[in-house]
Amino acid sequence: AARIIQNMDPTADPCQDFYQYACGGWLNRHVIPETSSRYSIFDILRDELEIILKGVLETSDQGDREAFQKAKILYKSCMNESLIEQRDSLPLLEALTMVGDWPVASADWNKTKELNWSMEEKLSIMNSRFNKRVLIDMFVWNDDRDSSRHIIYIDQPSLGMPSRDYYFNGGNYQRVREAYLQFMVTIAKMIREDKNMSREDSFVQEEMAKVMELETEIAN
C-alpha cells in the first residue's frame, strides 16, 4: 500500500488527469534507462530477480536436485565465451542436420535429402528438441471445460516477425521487412561459407525471397 501511494500524485485532480493522479509519483522519481524502451515496477522486479538468480546459479551444485543441476550447467555453458567462440558455427550446423538440413545451404538437397525428409517428423523434432513451432502450434494445457485435466491444443503459430502488420504495411514496417529478408540472406551465405560452398548470391536471394513469400501467405 505504501508503494502504491508513493507512486501516486495526490496533488493532481483525478477528474482532470487521472493518469497523473495514479502514476505521477512514479514519473517524478524514475527515468527510463538508456538500455530500455520501457520501465515499470515489473522491470524493477525482473532486474532484482535476475541478480538473485545469478547468485543461485553460481553456487556449488553439490547435493542439488537434478533440475537445479541442469539449470547451473546451462548457465555455465552460456558464460563459457571462449568455448562458444571456439565452436563457432558448429552448434548451428549440427542443429540444421537434425532437422533435415537447409536446402539453400546444401548441395543437391532435392536429390540427396528430400527423399527421406518427413515434414511431420521434422516439425516434432523442432518442437521437442528446440521448442520451436512452425506452421502449427501444438501444446498441452489445462482443459478450459474441465480444469482437472490437460488436453492437446492446436493453434496458429507465431510469425518470424512480431505481427502480420510487418508483412503488409508500409513505412517503418517495410524497412523492417527489408532488413528481415536481408538478415536471412546474410545467414544463408555465412552457412554456405562455413560449409565451404560457393556464395551463389543470386540463388540465395531467390530462395530467401520464396521463404518471405511463404511467411507472407501464412501471415495472410
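Visitor: Is D43 buried or exposed in this model?
Guide: The model is predicted. A residue counts as buried when its relative accessible area is under 20%. The relative accessibility of D43 is 6%, so D43 counts as buried.

Visitor: Which residue meets D43 in a salt bridge?
Guide: A salt bridge needs a side-chain nitrogen of Lys or Arg within 4 Å of a carboxyl oxygen of Asp or Glu. Here the N to O distance is 3.2 Å. The partner is partly exposed, because its relative accessibility is 47%. The side chain that meets D43 is that of R38.

Visitor: How many residues apart in sequence are the parts that D101 and K113 tie together?
Guide: The side chains of D101 and K113 meet in a salt bridge, with 3.9 Å from N to O. D101 lies in the loop between α6 and α7, and K113 in the loop between α7 and α8, so the pair ties together parts whose separation in sequence is twelve residues.
The separation is therefore twelve.

Visitor: In which helix is the partner of K189 found?
Guide: K189 forms a salt bridge with D201, at 3.7 Å from N to O. The pair links distant parts of the chain, with K189 in helix α10 and D201 in helix α11. K189 is buried at 17%, while D201 is partly exposed at 34%. The helix of D201 is α11.

Visitor: Which residue offers a backbone oxygen 3.1 Å from a polar atom of the R177 side chain?
Guide: R177, in helix α10, is buried yet has no salt bridge. Its nearest side chain of opposite charge, E178, is 6.5 Å away, beyond the 4 Å limit. The backbone oxygen at 3.1 Å belongs to N169.

Key: Residues are numbered from 1 along each chain as its sequence is written. This is a predicted model: local features need pLDDT of at least 70, side-chain atom pairs count only at pLDDT 80 or more; totals for chains, interfaces and linings use all residues. Side-chain values use heavy atoms; hydrogens and water are left out. Helices (H or I, at least four residues) and strands (E, at least two) are DSSP runs, numbered from the N terminus. Buried means under 20% relative accessible area, exposed over 50%, partly exposed in between (1.4 Å probe, protein chains only). Lys and Arg count as positive and Asp and Glu as negative; His and the chain ends are not counted. A polar contact is a pair of N or O atoms within 3.5 Å; within protein, one must be able to donate a hydrogen and the other to accept it, and residues adjacent in sequence count only if both atoms are side-chain atoms.
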